[in-house]
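Good morning, and thank you for making time for this presentation. I shall take the salt bridges, then one interface, then a single residue, and close with confidence.

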Amino acid sequence: MRSKNRLNMREVRALRADRRGTAIALARSDRIFLAVVYGIILLGTLIVLYPLLYVLAASFSSPSAVTQGRVVIWPVEFTLAGYKQVLAYQRVGIGYRNTIFYTLAGTTINVFVTLICAYPLSRKGLPHRNFFTFLFAFTMMFGGGLMPTYLLLNRLGMVNTVWAILIPGALSAYQMIVVRTFFASTIPDDLLESAKIDGCNDYQFFWYFVLPLSTAVIAVIGLQYAVGHWNSYFSAMIYLQNPDLYPLQVFLREILVMSQIDTPEFMDDHAAEAIQSMKNLIKYALIVVSTAPILSIYPLIQKYFVKGVMIGSIKG
Amino acid sequence: MSLKKTCIRTLAVLLVLSMAWGGLASAQVSAEVIHNEKGVLPIVNEPITLTVGVSQNTMVQDWQTNKQTLYLEEKTGINLEFVVYPLNEMQTKLELAIAAGGGDLPDILLFETPGIRQSVLMPWAEAGMILPLTEYYDSLLYWGKETLALSDDIDLDFVKKYLTSYDGEIYGVYGITESINNQYAISRVLMYGPWLEALDKEMPATTEEFYNYLIDMRDKDPNGNGIRDEIPFSGYSGALDNAKRFLMTPFVYTQQDYWIAEDGVISSAATKDGWREGLRYVNKLFSEGLIDPAMFTQDQATLTVALSQEPNVIGGYARWSTTNLAADDADRYLYRRLEQLQGPDGKTVKSWWPSMPTIDAVITKNCEHPEVAFMLLDYLNSIEMSIITRYGYEGVNWFPNDEETIKAQQEKFIEFWQNQPENLLEKFYGEDALPLVAKNRYDTTQWGTLQNDWWAGVGPDSMTYHLDTQFYDLGNLDNELSAMSYVNEFIAKYAYEQAAQYRDISKVVTGLVFTQEEQEVVNRYFSEILSYINESWAAFAIGAMDVNNDGVWQDYLNTLEKMGIDKVTEAVQTCYTRMNQ
Amino acid sequence: MPLYSFLIIPVVYVIVFRYIPMLGAQLAFRRYSILGGIWNSRWVGFENFEMFFNSYQFNRVLSNTLRLSLYLIFAGFPFPVIFALLLNTIRARRFKRVVQTVTYMPHFISTTVLVGIMLQFFNVNYGIYGKLYTALVGARAPDLFSSGTGFVNLYIWSGIWQDFGWGSIMYLAALTNVNPELHEAAQLDGASRFQCMLHIDIPAIIPIITIMLVLRAGSVMNIGFEKVFLMQNDLNIAASEVISTYEYKRGFVVSSGIGSTTDVSLSTTIGLFNSTINLLVLVVVNFVAGKLGETSLW
């Protein structure tokens, strides 16, 4: 704790130094370097930002303004009609509820399984470590394909239950290997040894040392799993039949697919026209409605990226 | 599987026998027959429940409580229980359910227009998942026949021909939309009317006139802004079929997948000299900047941006209706249709898209009362239900026009035609055409909004030409295009007379029902071939491949051959011959 | 032993849910039929593979797939790393947060919408690109969607645009574990910020960079279907037909009705082919990584 306080003080000082831009610590070359860094980051951010602002503006604009290309960066002929139309679908409510459930429950399972799998594999002393790593890594490349997986879940009675969403993807070998690498490169061997001397067993070491020291990586894989669950629709579409269990994305995707279909040849003009304008109306509102909630969790997770300093103090 | 078939056949035979047996009223017949006589509502007196599989539809709020569902249940005495599949994944889910033994399949599956393909359905049928309905077509079909009787061109034999699989059985209940407009719309393009006036031109009728008109548009600044920003002709990647039919048919008959049948012999238009001639013409238009090469890359949305410029810059584009323009854009009423051009041989040929029956519903092996299910699906093809499926309910979604309105519309209509250069109305219909004037007015906004009144065209329905035209709204005849779909019917009818030589369905290669072996050949080779034909068409058109170079042309033909076009042609030929003996 | 007990759940999971379904891969050597299923469909040996290898476009789709994938790895991989390193040198927290949030947002834009926006922006006549080009150069802009190279560049750079912020999160997390005291000590010794980055930050995240690169190499054959398909047209198809779009189109002929004929055997075959190449590449890259540095997958 002592060292943590010290670090915070230093950080605060460095921060102030940055803000003033006149700190003694900053050499001239550093200032140039920082200017370049800020420049690059600003440029990158702006390039990313513009299309996003466009989507936002388009979602509040009248469909004809969007189709005629009159929207540049600000809503034209402001309207909430797109949002109203999207929210008019009754299933949006149920969908939100289910998505939040799948994201929370699914991410919890994912993180748990990933951590208990990654930790032993990060330990150099584990017998047959390479065999086990390969056992998992192999599943990154080879999968069973849709039909065999379906038949398996059908046999296990998991089809049309929430388990079909939560269990088959419980572990991503990719994430597991990333976490394993983290553990291996950031948890010092001597820490384990000294803990062992103090009578600490593997479970205790995992719980009292490994996990607290790995908040940053846990936050990252948690976020990646959560976003995966949030955006996922395929397994729900395939394994679920009861619409009351559908996540939001299944339904949103339907609208999006609809907006992607070219006006069919067989349809009469009136129908084609009405469908066309609906497509334009809801396309952008849909993106905003479906991504705003998951975007809002990011700032909550961000704080873990600035922590994780404790490990440094132990190492040093 | 065969046991099941036999059972059903026996059942059907019993059924026929029992009906023939003195024409007894249904209440008294044997235990197996639980339905009333055909044509009688309700279909069953004691309610039974059928499960119905449908795809999620963005226009139908809730299938279970949908007004059409309730109406149908009330009329037929059958309870319907829906199993709703996610949009676009119905086939995948059905295939998985079938792989798992098919125990989860609902009794009936309904499909959206244009129905399910034979090639998808047949493996299911062969595995015994789908019941053959051939016998029911003879013994139970009633309402569908009534509706088909309204058509001049389509009858039950026609429907059965294209529904019958290679094993001689029919596995589905049909749906059909007979629209003469649609049949010819695909070969039509739109030209911006005011520029014709600005350049003091007649609508071009030959390929040569079309070329000259495009040149004038390019050079003579029809939008009058002093800049050469005019794009004489454009289109978008989703409507290339439209453009190809319009540009190529004057040289060689161009239709879906490019097959042509000449005296029963199948070949690919893309290998013909006419194709090369057509490409020379198209290449000339591209190389002189008369056609916008962006038509290969832009989508509908980007074309719309181009169409919405002030002042207008687009002289014409390949699409048959102006739905690409926003509804409040006044320009959309200023476009005029340009029908197929006359070719260098002096003939005008229309590329035809016949109205074909599609498989819109099937009955699965899990259905305990297939005959009842069939009667239910047949009832969907009745005049009454067809209108509901397509247009909704009288007094809610559509309203009969009163005498005065009809009369006023008739006058407007006659006036419209009198102002046209050629009064086709009089020429072809005389006074007879008047009853066709919109008898009903319907609320077009129902398309594209979420509703709970009707099935939005899903499942079997029969829209014959006469039925459909009752619902065309004349709208505001002061401008041409607002009434276009209605007027098009007449123009199309005219084109239809003109193109009599291509009205023979045997000359159009469509609705092919392949055997498994044929299907395998087609699947194996044809997608690559088709993709290569389209790719080469584009390359020849923009000049990336030189159409005038004999070597290049020969290479193109050789490549097609190497890709196996002969094998596919042979498979198509076998199938075509079998179906059109 | 307690260490092994950690592995019980993961191993049971991976065997049941990953390895058992793999038995379905034998369909690559069978001709799938509904009645036969996985175990009893007709055995055809390597016929499915021959069919795939002998198809006319095999060379084209394979080389297109590899070209897109390798380009994406070489061009795309460094961006998140560099971005994370640059962002890490900044200490203004609020600015950093805003930048992070903004740059990770594009990850959530669906492919359909992304391609729609691209078509609009890069339209030669009326898109921002077309207008700017004409204003600057004075001539009509070349249509990027109409050429193979244009397609490849649009595909790659829009991919980088969409995912560099998202990808940088991993490296930012790795950088949090760098001991700040090292920086201080180095700065006291007169090292510049740039030198700190070079000699402290980069070595600290080398293991994770290596692993990410190895993992990335193991998905070299996976070029997703949707984006390529939506960006494809008759003019760029020579460069844009990849394995996934080819597979999709195969069942999709003679447009009379919905649905494509799914060839379960062929898609299993293609899947197996892709997986095998991925595995080989992964093993090779992993071996090289192990030789060059200390980090490797196993």
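**Salt bridges, an interface and a buried asparagine**

Let us begin in chain B, where Lys201(B) and Asp216(B) form a salt bridge whose closest N and O atoms are 3.2 Å apart. Lys201(B) sits in the loop between α9 (193–198) and α10 (207–219) of chain B, while Asp216(B) belongs to helix α10, so the pair ties together parts that are 15 residues apart in sequence. Lys201(B) is partly exposed, at a relative accessible area of 30%, whereas Asp216(B) is buried, at 12%. I should say at once that what you see is a predicted model.

A second salt bridge in chain B joins Asp550(B) and Arg276(B), with 2.7 Å between the closest N and O atoms. Here Asp550(B) is in helix α21 (residues 550–562) and Arg276(B) in helix α12 (residues 273–287) of chain B, so this pair ties together parts that are 274 residues apart in sequence. Asp550(B) counts as exposed, because its relative accessibility is 53% and the cut-off for exposed is over 50%. Its partner Arg276(B), by contrast, is buried, with a relative accessible area of 11%.

Turning to chain A, the side chains of Arg123(A) and Asp202(A) meet in a salt bridge, at 3.0 Å from N to O. Arg123(A) lies in the loop between α5 (91–122) and α6 (129–141) of chain A, and Asp202(A) in helix α11 (residues 202–213), so the pair ties together parts that are 79 residues apart in sequence. Arg123(A) is buried, at a relative accessible area of 14%, and Asp202(A) is buried as well, at 8%. Through shared partners, salt bridges join Arg123(A), Lys196(A) and Asp202(A) into one network. Over all chains, the whole structure holds 16 salt bridges.

How many salt bridges cross the interface of chain C and chain A? The rule finds zero there. Ten residue pairs are nevertheless in polar contact between chain C and chain A, with both residues at pLDDT 80 or more. On the side of chain C that touches chain A, 58 residues are nonpolar, 20 polar and eight charged. The contact draws 86 residues from chain C and 104 residues from chain A. Together the two chains bury about 8900 Å², and 75% of that is on carbon and sulfur atoms. Within chain C, the residues that lose the most area to chain A are Leu3(C), Phe6(C) and Phe108(C), which together account for 8% of what that side buries.

Now to a single residue of chain C. Asn236(C) is found in the loop between α12 (225–231) and α13 (237–240). Is Asn236(C) buried or exposed? With a relative accessibility of 0%, Asn236(C) counts as buried. A polar atom of its side chain lies 3.1 Å from the backbone oxygen of Met231(C). Beyond its neighbours within four places in sequence, Asn236(C) is in contact with residues including Phe145(C), Ser146(C), Gly148(C) and Phe151(C).

Finally, a word on confidence in chain C. Its mean pLDDT is 88, and 96% of its residues reach 70 or more. Over residues 253–258 of chain C, however, the pLDDT is below 50, and this stretch has 21 contacts in the model beyond near neighbours in sequence.

Thank you for your attention.

Conventions. Residues numbered from 1 in each chain as written. Chains lettered and ligands numbered in written order. Heavy atoms only, no water. pLDDT = per-residue confidence, 0-100. Contact = heavy atoms within 4.5 Å. Buried area = accessible area lost by both parts, 1.4 Å probe. Salt bridge = Lys/Arg side-chain N within 4 Å of Asp/Glu carboxyl O. Polar contact = N/O pair within 3.5 Å; in protein donor to acceptor, adjacent residues only side chain to side chain. Nonpolar A, V, L, I, M, F, W, Y, C, P; charged D, E, K, R; others polar. Helix = DSSP H or I, 4+ residues; strand = E, 2+ residues; numbered from the N terminus. Buried < 20%, exposed > 50% of the residue type's maximum accessible area, 1.4 Å probe, protein only.
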